[in-house]
Amino acid sequence: MSDILVYASAPARVNIIGEHSDYNDGLVLPTNTAIFTRVQAKRREDRVLKVRSSTLDDTQSFTLDDLRPNPTPTWIEYVKGVAAGLIGAGIKVRGAELIIESNIPLGAGLSSSASLELSVAKALLAVAGESIDAAELALLCQHAEHDYAGVHCGVMDQYSLACATYGSALLLDCRTLQYQQVQLPEDIAFFLTDSGARHSLTDGEYNSRAAECAAAVAILAPAVPGMKNLRDLSHELLAANKAALNAAQYRRCRHVVTEIQRVKDTFAALERRDLHKVGSMLSACHKSLRDDYAVSCVELDALVECADSCDLILGSRMVGAGFGGCVLAVCRKDDALAAAAHVQASYLAVSGSRPWQHLVEPTHPARVENE
Ligand code: GLA
């Protein structure tokens, strides 16, 4: 085995709807698209993982016998966290040389971090000659991100990349971790346009939204029997307890409550191929993320306005954690190229730069390519 190269890959996650819902125990509806983190791995005879990111032009090494999080995380912490998680799960992780490359734009709301985690996990498992159930691997990678990158992310990205089958969206209940797949209609197209603005989940805004939600739960729980998380809040309960919350807390809660309903409605619309309804749900989601959850930014709002000005587009919204990154638009498949060209030209006119675009393409979940 020592001379055999392992090739593993993980796609990017495109969340159709259900934003900032996962860590509130809510529902999410992500799919994957065919841009990838790819890992090439070769076993070493010692206990060292030597990792090269050709995307970032950086090489780092660490020993598997002394794994501890670094308080100022960089990209290598994601790799370390995954190795530590696998060892914790009883896998005999071996020393290896890894070369990682990715064509997923970083910090663009497409879960480049989870894609790194899943592709590295698949590569290390293959080098060890072992395997782990997809759902268990998703949780292990989520914990790697919590413990080593310091981001208290939900479980959506890792579940999507580990479990969503070819061409499907995954309706995931983030409380029970039960999921079902829905095949995307043949005549629908989703495309991404990058605003060029950048966020980093490690810069604190993401964790602060999660903390605001936890604070709201602490205030509401005494008045709402059985309440453990914002998932347990209905429109009626929120309205009845509005006075207990400050204005920002009330809006955060309203986003989560309405977003869970939008996920249900979008799933039902996809099943009956009602593309107009899917579009209107995306647009309503953007307004809620902008006005209630306050995670949009000027560039994302401008891009959504560009999409709104195109008759071919049925709806659009910022995608991922927010504060920058991509806008997801939905249209009929036959209209996709014209719609994307419209958005690109309009955004070029307002921002002065030509944005990166990508047509969402069905793909496999994280896997070893040469098994
Ligand atoms: C990031 C996190 C996810 C999720 C989204 C927002 O991608 O990793 O867990 O919370 O933001 O929906």
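## Cysteines without partners

Cys 253 has a relative accessibility of 0% and therefore counts as buried. The model that places this residue is a predicted one, and a search of the whole structure finds zero disulfides in it. Cys 253, accordingly, is in no disulfide, and the cysteine sulfur nearest to its own, that of Cys 213, is 6.6 Å away. A pair of cysteine sulfur atoms would have to lie within 2.5 Å to be counted as a disulfide.

How far from the sulfur of Cys 310 is the closest cysteine sulfur? That closest sulfur belongs to Cys 331 and is 7.8 Å away, which is too far for a bond. Cys 310 is also a buried residue, since its relative accessible area is 5%, and buried means under 20%.

## Cys 285 in helix H8

Cys 285 belongs to helix H8, which covers residues 275-291, and with a relative accessible area of 0% this cysteine is buried. Its contacts, when residues up to four places away in sequence are not counted, are with Ile 17, Glu 259, Arg 262 and Arg 317. Although Cys 285 and Glu 19 are 266 residues apart in sequence, their C-alpha atoms are 8.1 Å apart in space.

## The loop between E1 and E2

Strand E1 (5-17) and strand E2 (27-43) are joined by a loop in which Asn 24 is found, and Asp 25 is found in that loop as well. Asn 24 is buried, with a relative accessible area of 1%, and Asp 25 is likewise buried, with a relative accessible area of 19%. Not counting residues up to four places away in sequence, Asn 24 touches Cys 213, Asn 229, Leu 230, Arg 231, Val 256 and Tyr 293.

The backbone of Asp 25 deserves a separate remark, for its phi is near 65 degrees, a positive value in a residue other than glycine. Most residues other than glycine have a negative phi. Arg 273 also has a positive phi, near 60 degrees, and is likewise a residue other than glycine. Arg 273 sits in the loop between helix H7 (247-271) and H8, where it is partly exposed, with a relative accessible area of 49%.

## Asp 173 in strand E6

Asp 173 is placed in strand E6, which spans residues 168-173, and is buried, because its relative accessible area is 14%. Which backbone nitrogens does the side chain of Asp 173 reach? One is the backbone nitrogen of Arg 175, at 2.8 Å, and another is the backbone nitrogen of Thr 176, at 3.2 Å.

Once its neighbours within four places in sequence are left aside, Asp 173 is in contact with Asp 25, Gly 26, Leu 27, Gln 178 and Arg 231. Arg 231 is also among the residues that Asn 24 touches, and Asp 25 is the loop residue whose phi is positive.

## The packing of H3 and H4

Helix H3 (residues 134-149) packs with helix H4 (residues 156-163) at an angle of about 145 degrees, and the axes of these helices are 8 Å apart. The crossing that H3 and H4 make is right-handed.

From H3, the residues Ala 134, Ala 135, Ala 138, Leu 139, Cys 141, Gln 142 and Glu 145 take part in the contact, where they meet Gln 158, Tyr 159, Ala 162 and Cys 163 of H4. By character, the residues in this contact of H3 with H4 divide into eight nonpolar, two polar and one charged.

## Two partly exposed sites

Pro 73 is located in the loop between strand E4 (58-63) and helix H1 (76-88), and is partly exposed, with a relative accessibility of 30%. Apart from its neighbours within four places in sequence, Pro 73 is in contact with Tyr 148 and Ala 149. The C-alpha atom of Pro 73 is separated by 27 Å from that of Asp 25, a residue 48 residues apart from it along the chain.

Is Leu 5, in strand E1, buried or partly exposed? Leu 5 counts as partly exposed, because its relative accessibility is 29%. Beyond its neighbours within four places in sequence, Leu 5 is in contact with Gln 40, Ala 41, Lys 42 and Asn 370. Leu 5 and Ser 131 are 126 residues apart along the chain, and their C-alpha atoms are separated by 17 Å.

Note on methods: Residues are numbered from 1 along each chain as its sequence is written. This is a predicted model: local features need pLDDT of at least 70, side-chain atom pairs count only at pLDDT 80 or more; totals for chains, interfaces and linings use all residues. Side-chain values use heavy atoms; hydrogens and water are left out. Axes are lines fitted to C-alpha atoms, for helices over the stretch in contact, and angles run from 0 to 180 degrees between N-to-C directions. Helices (H or I, at least four residues) and strands (E, at least two) are DSSP runs, numbered from the N terminus. A crossing is left-handed if the near helix is turned anticlockwise from the far one by less than a right angle, and right-handed if clockwise. Contact means heavy atoms within 4.5 Å. Ala, Val, Leu, Ile, Met, Phe, Trp, Tyr, Cys and Pro count as nonpolar, Asp, Glu, Lys and Arg as charged, and the others, Gly among them, as polar. Buried means under 20% relative accessible area, exposed over 50%, partly exposed in between (1.4 Å probe, protein chains only). A polar contact is a pair of N or O atoms within 3.5 Å; within protein, one must be able to donate a hydrogen and the other to accept it, and residues adjacent in sequence count only if both atoms are side-chain atoms.
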